[in-house]
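Reader: I have a sequence and a model at my bench. Can we go through them together, question by question?

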Amino acid sequence: MKDDKDISKQENKEPSAENPFKLLNLKVDKVHNWAAGVPAVMASIADLFEEKTVLRGGKALFKMNQMGGFDCASCAWPDPDEKRSPIAEYCENGAKALAEEATTKTTPAAFFKEHSVYELSQHTDFELGHYGRFTEPMYLPKGGTHYQPISWEDAFKKIATHINALDDPNEAIFYTSGRTSNEASFVYQLFAKVVGTNNMPDCSNMCHETSGTGLSPTIGIGKGTVKLEDLHDAELIIIVGQNPGTNAPRMMSALSICKKKGGKIIAVNPLPESGLMGFRDPQSPIGVFKETKLSDLYLPVKINGDMAFFKAMEKMLLEKEALAPGTILDKKFMDDKTVGYDEFVQQFADYDLNVLAEESGLTMEQLEEAADLLAKRKKVIFCWGMGITQQPNGVDMVREMVNILLMKGSIGIPGAGVCPVRGHSNVQGNRTMLINEKPTQDQLDKLETHFGFNPPRENGYDVVHAIHAMHDGKIKFFFAMGGNFLSATPDTTYTARGMRKIGLTVSVSTKLNRTHLVHGLESIILPALAKSDVDIINGKAQIVSAENSMGVVQSSKGILKPVSNQLMNESNIVCNMALATYGTTGKVDWSRFLNNYDAIRDSIESCIPGFDNYNERVRQRGGFYLPNGPREGNFTSKVATGKASFTITELPVNTLEVDEYMMATTRTHDQFNTTLYGLDDRYRGILHGRRVVMMNEKDMAREGWVEGDKVDLFNYNDDVERIAPLFVVVPYPIPERNTMTYFPETNVLVSVNNVVKESNMPASKYVKIKIRPHDPNIFEKVKEAELAYV
Ligand SMILES: Nc1nc2c(c(=O)[nH]1)N[C@H]1C(S)=C(S)[C@@H](COP(=O)(O)OP(=O)(O)OC[C@H]3O[C@@H](n4cnc5c(=O)[nH]c(N)nc54)[C@H](O)[C@@H]3O)O[C@H]1N2
Ligand SMILES: Nc1nc2c(c(=O)[nH]1)N[C@H]1C(S)=C(S)[C@@H](COP(=O)(O)OP(=O)(O)OC[C@H]3O[C@@H](n4cnc5c(=O)[nH]c(N)nc54)[C@H](O)[C@@H]3O)O[C@H]1N2
Ligand SMILES: [Mo]
């Protein structure tokens with residue numbers, strides 16, 4: 001790093017879009033068969049210690065997810081409606097997320113004076129995140145090597161100048177990550193529409209877009225239908241492509257309650273994730289040492305083998321129904337509440353169970369056991385995560401899970417339904433607040449009536465379209481409300497090229513990440529208050545609100561003293577930007593919303609259904625549920641009002657060349673998306689290393705590889721060579737020819753054109769790769785490949 005201090009040497013160097021290609025001292029331990037317990041409690045305490053924030057963080061932990069406290073930033077899992085643990089309604093990963101925010105480490109102007117953008121880009125994502133919180137707005141001028149401080153006023157002026165200079169409003173993009181409160185989301189989307197664009201890509205476009213796309217036309221709502229109590233009361237929960245132990249740890253409490261009440265659990269996952277197998281309850285003095293077995297049946301599907309599994313279940317249910325009519329399927333429910341069943345059942349004559357077993361990667365015995373569990377139960381819930389939504393046929397798979405529930409009448413009754421497990425803490429609320437590149441005409445009409453301006457009517461760019469538009473040089477202004485666009489999106493090299501062509505990139509952020517380093521011609525960082533930070537307006541601590549995975553809108557009130565008095569809340573950032581761009585005489589009176597969440601909530605109430613008496617109800621203990629027709633059995637499919645719809649989907653044909661492997665990308669236990677808390681994946685027993693590729697031992701033996709061997713990974717979609725150099729092979733219980741790696745490191749291998757049908761999400765759990773022994777000259781080839789990759 002030292003010799004990089006000479007600025008003149010850095011001027012021509014392009015900041016790196018990727019993590020340094022460095023291996024750590026990888027240690028491979030055993031795979032855990034239970035999650036949480038004492039190590040989880042210790043890990044959460046350790047995180048707060050490391051961040052020197054034990055006092056701040058400790059105090060805050062007791063307020064997290066409590067009534068009147070603040071909403072945990074880690075995931076969208078709901079809090080119990082009434083009974084909350086008096087100690088803490090949080091989990092290890094919630095504590096880590098808090099430690100990240102509560103840190104007292106900062107990156108003030110002096111930090112940026114010392115470190116050039118290029119130099120910072122040579123640091124790992126782990127290092128970048130651990131420099132601490134931003135303290136003041138920073139600006140990188142055209143051709144500049146170092147970020148320099150800028151006043152809020154000047155930052156807003158620069159933004160306004162760029163927006164006012166656009167030839168076409170669609171040259172602007174407004175990205176959103178999923179943490180932004182309802183209030184900030186509402187003014188943010190309003191601002192984009194006043195600018196004149198629906199270019200609002202968001203993290204949903206990489207996350208649960210697939211779920212909404214599949215659910216809306218079949219049941220009439222793009223969200224889940226269950227409440228937390230439904231999970232407790234279910235007779236069978238089928239968890240597909242989701243890793244609750246790491247990504248929604250509080251879900252394990254709900255699963256263990258279900259088990260205690262006699263419910264059964266099936267886990268469908270290529271990996272035997274510890275949080276699916278067993279649970280030691282960290283909130284119970286006894287439970288912390290003694291585990292509850294979670295899954296009654298673990299089904300190790302092949303990557304993308306799920307559709308074959310679903311179809312096998314349906315065929316088996318039909319066979320069982322034929323043997324004992326009226327005992328397995330709910331004919332009355334189907335007659336009263338659904339359309340399309342007769343056409344739907346016809347397809348099964350063409351399916352052979354042996355072929356479905358082969359395609360799913362499961363044995364006939366496993367399929368039979370699953371069908372037996374399903375046949376006898378009515379209160380059935382499907383939970384799913386990224387293992388489904390990031391598959392090319394994810395939308396169809398969502399519809400297929402709906403088909404199964406419809407056959408059994410298992411939707412719209414207590415203890416049953418669909419449960420897409422959302423990611424970011426307010427990703428669902430962002431959408432409800434109209435952050436959507438495809439707003440409906442009805443939603444736009446309401447804005448038009450309330451605000452008296454004509455919002456843009458044509459669809460905008462989603463994430464994948466945005467990347468293409470950037471790359472094609474069509475984008476002059478990019479604004480990110482949180483997140484880490486460069487690292488979270490696919491095809492890192494391609495995306496980086498696109499980002500570098502933009503006139504001005506602006507990030508509203510809490511901490512440094514790679515998007516700040518791979519920027520437009522000019523770049524601005526605006527430091528925001530985080531959820532746990534107290535937000536004082538006119539001497540009073542404010543509340544904002546968010547919607548969880550189950551449609552409950554709840555208030556959140558930060559309590560920590562911000563690390564700097566220059567941090568601004570996201571709503572005010574939008575309002576000030578709008579005032580700088582349009583003054584006080586524009587289409588919307590922004591000054592009314594400045595410093596006034598109640599005024600924003602009043603407008604939300606006028607424009608978005610379900611928010612009646614918002615200001616009053618948001619202050620109610622535990623918040624309020626948004627209307628959800630399907631939850632009450634009132635469906636509206638694309639073909640009929642009052643009815644849900646069966647869908648006929650295709651069985652995918654999955655083929656691999658002899659030297660190809662299927663790769664899914666996933667999260668370690670020590671990361672939140674692109675934020676790295678640490679370098680371990682404790683439950684999977686992979687410690688101190690992220691450049692790993694998990695492989696079946698038989699595949700390794702066939703290739704002649706042993707644990708620790710170094711390899712390079714390649715992808716050839718679109719006839720382009722994409723290279724992820726220097727990975728280490730780790731033997732893992734995963735189906736043959738399947739591999740698992742961590743993102744963001746392997747996003748470089750995911751083609752921007754490898755997308756989910758209909759939802760246009762990156763299919764980042766379905767990437768065909770080739771694996772070759774590590775070539776010491778590979779780094780040169782990486783550079784060449786980058787240059788050749790236009
Ligand atoms: N601590 C922590 N919490 C988080 C996050 C985080 O990064 N860290 N991220 C948040 C966000 S934004 C989200 S969206 C959620 C994500 O939460 P999850 O949906 O759990 O996300 P992933 O870790 O990507 O992987 C899900 C699972 O899919 C499995 N899988 C891969 N391919 C297939 C397949 O073909 N079929 C099946 N059946 N399974 C498959 C993987 O083995 C893995 O267990 O978590 C949220 N919560
Ligand atoms: N290959 C692959 N790629 C994936 C996925 C995958 O499974 N595989 N998962 C996808 C999914 S599900 C998602 S949701 C996306 C996530 O994509 P993003 O939401 O864009 O990414 P994050 O890593 O969550 O964003 C982290 C950054 O947000 C900022 N931040 C944190 N807290 C706050 C806050 O309170 N306010 C503001 N303004 N900023 C804040 C910090 O600067 C931090 O660096 O990634 C997707 N990418
Ligand atoms: Mo997500």
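Author: What follows is a short exchange about a predicted model.

Reader: Which domains does the assignment give?

Author: The model is predicted, and the bounds come from a domain assignment. Domain 1 is made of two segments, 54–206 + 427–622. The others are domain 2 (210–420) and domain 3 (661–788).

Reader: How many residues does each of domain 2 and domain 3 give to their contact, and how far apart are the C-alpha centres?

Author: The C-alpha centres of the two domains are 28 Å apart. The contact draws 26 residues from domain 2 and 27 residues from domain 3.

Reader: What area is buried between domain 2 and domain 3, and which three residues of domain 2 supply the most?

Author: About 2,100 Å² is buried between these domains. Carbon and sulfur atoms give 58% of that area. On the domain 2 side, 30% of the area buried against domain 3 comes from three residues, more than from any other three. They are I303, Q390 and P392.

Reader: How many salt bridges cross the interface of domain 2 and domain 3?

Author: Polar contacts link ten residue pairs between the two domains. That count takes pairs with both residues at pLDDT 80 or more. Salt bridges across the interface number three.

Reader: Which element gives the largest share of the side of domain 2 that touches domain 3?

Author: Four elements give two or more residues to that side: α10 (209–219), α12 (244–247), α20 (386–389) and α21. The largest share is four residues, and it comes from α21.

Reader: What span should α21 have, and what is the distance between its end C-alpha atoms?

Author: Helix α21 covers residues 394–407, which makes 14 residues. At 1.5 Å a residue, the expected span is 20 Å. The end C-alpha atoms agree with this, at 20 Å.

Reader: Is α21 enclosed or open, and why?

Author: Buried here means under 20% relative accessible area. In α21, 14 of the 14 residues are buried. The helix is therefore largely enclosed by the rest of the structure.

Reader: Which residues of α24 are buried, and what do they pack against?

Author: Helix α24 spans residues 463–471, and seven of the nine are buried, so the rest of the structure largely encloses it. The buried ones are V463, V464, A466, I467, A469, M470 and H471. They pack against β7 (172–176), β16 (477–481), α25 (485–488) and α26 (492–500).

Reader: Which residue has a side-chain oxygen at the start of α24, and which takes a positive phi just after the helix?

Author: At the start, a side-chain oxygen comes to within 3.3 Å of the backbone nitrogen of V464. That oxygen belongs to D462. Just after α24, the residue with a positive phi, about 75 degrees, is G473.

Definitions and conventions. Residues numbered from 1 in each chain as written. Chains lettered and ligands numbered in written order. Predicted model: local features only at pLDDT ≥ 70, side-chain atom pairs only at ≥ 80, totals over all residues. Heavy atoms only, no water. Expected span 1.5 Å × (residues − 1). Buried < 20%, exposed > 50% of the residue type's maximum accessible area, 1.4 Å probe, protein only. Contact = heavy atoms within 4.5 Å. Buried area = accessible area lost by both parts, 1.4 Å probe. Salt bridge = Lys/Arg side-chain N within 4 Å of Asp/Glu carboxyl O. Polar contact = N/O pair within 3.5 Å; in protein donor to acceptor, adjacent residues only side chain to side chain.
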